[in-house]
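New to this one? Here is a quick tour of a helix, a residue inside it and a couple of pockets.

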Amino acid sequence: MYFCLPASHDNRSIIHDYTNCGRGRTSRIEEPTPEYPVKVGPAPGSQVQLSAARRKNLEFEPLSTTALILEDRPSNLPAKSVEEAMRHKQEYDEMVAGAKRRELKEAQKKKRRMKERFKQEDSIANAMVIWNNDVLPNWDCMRNTRRVRELWWQGLPPSVRGRVWSLAIGNELNITPELFEIFLSRAKERWKSFSETSSENETEDSGSLQADRESSLDLIKLDISRTFPSLFIFQKGGPYHDLLHSVLGAYTCYRPDVGYVQGMSFIAAVLILNLEEADAFIAFANLLNKPCQMAFFRVDHDLMLKYFAAFEVFFEENLPRLFNHFQINNLTPDLYLIDWIFTLYSKSLPLDVACRVWDVFCRDGEECLFRTGLGILRLYQEVLLQMDFIHMAQFLTRLPDDMAADNLFSCITATQMLSSNRKWGQVRGLIRFGSRDNLHQLTSRFVNFYVWM
């Protein structure tokens, strides 16, 4: 016996549009194309009319060739028996039922997502009222209350995020908008002078200094082009390109002892997305002046090793199986933490997730950065346990793009930052190193990190 087999069960004629809440279903029905042309017989009219009538009575007619199972065979082939026709009808009904079940399941999933989205929007709106009316006007006395800390953990509303970050970071350096303009003017003068031909009477030392500064400016240009490339707003011609260039250029003039270091562009970019230009510079300079950031950006090997060693203490406490797996494969924290800390996770995590990490970082300080790292390892522990050194290193430097903030923060919540009743700062303060081999090893890896970036 011969009959036309159906195509993929996934081909359907009813296509739902849930992009607008509350709108009805839109559908599109295509006439199935016969797999073989129907030859003209003695009485073709009655056969065509019968097939058309059968199709009109179908409750469900998927796209492509699914409904062909109900069609009569061409006249040059033996006709279907009654039993075969009934079997085909039953198979078709099963296809329709399966398609409807998938359709219903997808509709329920979309409905749940919409419900969660509305719930999140309501939560953000309510939180925004509390922040604007209760917290921000009384910042000094409210910021450390339990109510505000819990509200902070849930994520800051985008409309108040920049202001809260600025208040939380502070301005210990006493930078003013006028001071920013001064250093920005100096940066612009240097950009202009570097584009001109150097005078012949420059000394060898000044020439070397100029070369270093030119290299720094070239590095800024290169890094800006690689900052959130999927957004297309910081690249040349984008709306935030000049702002990012100005903030980074002004900082190199403000802190020539630090200069520009790869990874700074991501931090400055996140601040620019949430603050005005001068406020972003003030927050940027004060943020990089924090002990942890200064240790990394000034490449203080001894301090960096202390941070890594403290991280491993809490790593072993929280995730002993994964810790042992890393030890066996010789995967040390510097191989993945450097990238995470240098960019404050803004390069490694989806931007919305990174902003939530920043929210808690502004609340809890440097401990949050290492607790977040442990949260990431906890989230992907089972995946990492199946990998070798190469695949683990690649995975941790290219984390999945579909990471959900709630999943990550659940893992961060489950991470305890206590070791023998000692907190993060106490553990880090107790660590001492007597060998310089570790420093040489770290220097080598740090150089390799820059080559990779």
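Before the tour starts, one bit of vocabulary: helices here are DSSP runs of H or I with at least four residues, numbered from the N terminus. With that in hand, α2 is the element that gives the largest share of the lining of the largest pocket, six residues. Keep in mind that this is a predicted model.

**Helix α15**
- Helix α15 covers residues 351-364, so to speak a run of 14 residues by the DSSP count.
- From its first C-alpha to its last, α15 reaches 20 Å, which is close to the 20 Å expected at 1.5 Å a residue.
- Most of α15 is covered, with eleven of its 14 residues buried.
- The buried residues of α15 include Val353, Ala354, Cys355 and Arg356, and further along the helix Trp358, Phe361 and Arg363 are buried too.
- Just past the end of α15 comes glycine 365, with a positive phi of about 80°.

**Aspartate 359**
- One residue of α15 to look up is aspartate 359.
- Aspartate 359 counts as buried because its relative accessible area is 0%, and the cut-off for buried is under 20%.
- What does the side chain of aspartate 359 make a polar contact with? The partner is the side chain of arginine 161, at 2.8 Å.
- Setting aside neighbours within four places in sequence, aspartate 359 is in contact with Trp152, Gly155, Leu156, Arg161 and Trp165.

**The largest pocket**
- The largest pocket holds about 810 Å³ of space.
- It is lined by 25 residues, and those closest to its centre are Gln120, Gln154, Arg356, Ala405 and Asp406.
- Which elements give two or more residues to this lining? They are α2 (82-135), α4 (146-153), α5 (158-169), α15 and α19 (405-413).
- Arg356 ties two topics together: it is one of the buried residues of α15 and also one of the residues closest to the centre of the largest pocket.
- By type, the lining of the largest pocket splits into 14 nonpolar, five polar and six charged residues.

**The second largest pocket**
- The second largest pocket has a volume of about 450 Å³.
- Its lining is made of 17 residues, and Ser346, Lys347, Ser348, Leu349 and Asp401 lie nearest its centre.
- The lining of the second largest pocket divides into nine nonpolar, four polar and four charged residues.

Methods
Residues numbered from 1 in each chain as written. Predicted model: local features only at pLDDT ≥ 70, side-chain atom pairs only at ≥ 80, totals over all residues. Heavy atoms only, no water. Expected span 1.5 Å × (residues − 1). Buried < 20%, exposed > 50% of the residue type's maximum accessible area, 1.4 Å probe, protein only. Polar contact = N/O pair within 3.5 Å; in protein donor to acceptor, adjacent residues only side chain to side chain. Contact = heavy atoms within 4.5 Å. 1 Å grid on protein atoms, 1.4 Å probe; cavity = no way out; pocket = protein on both sides within 12 Å on 5 of 7 lines; lining within 4 Å. Points joined across faces, edges and corners; volume = space filled by probe spheres on them. Nonpolar A, V, L, I, M, F, W, Y, C, P; charged D, E, K, R; others polar.
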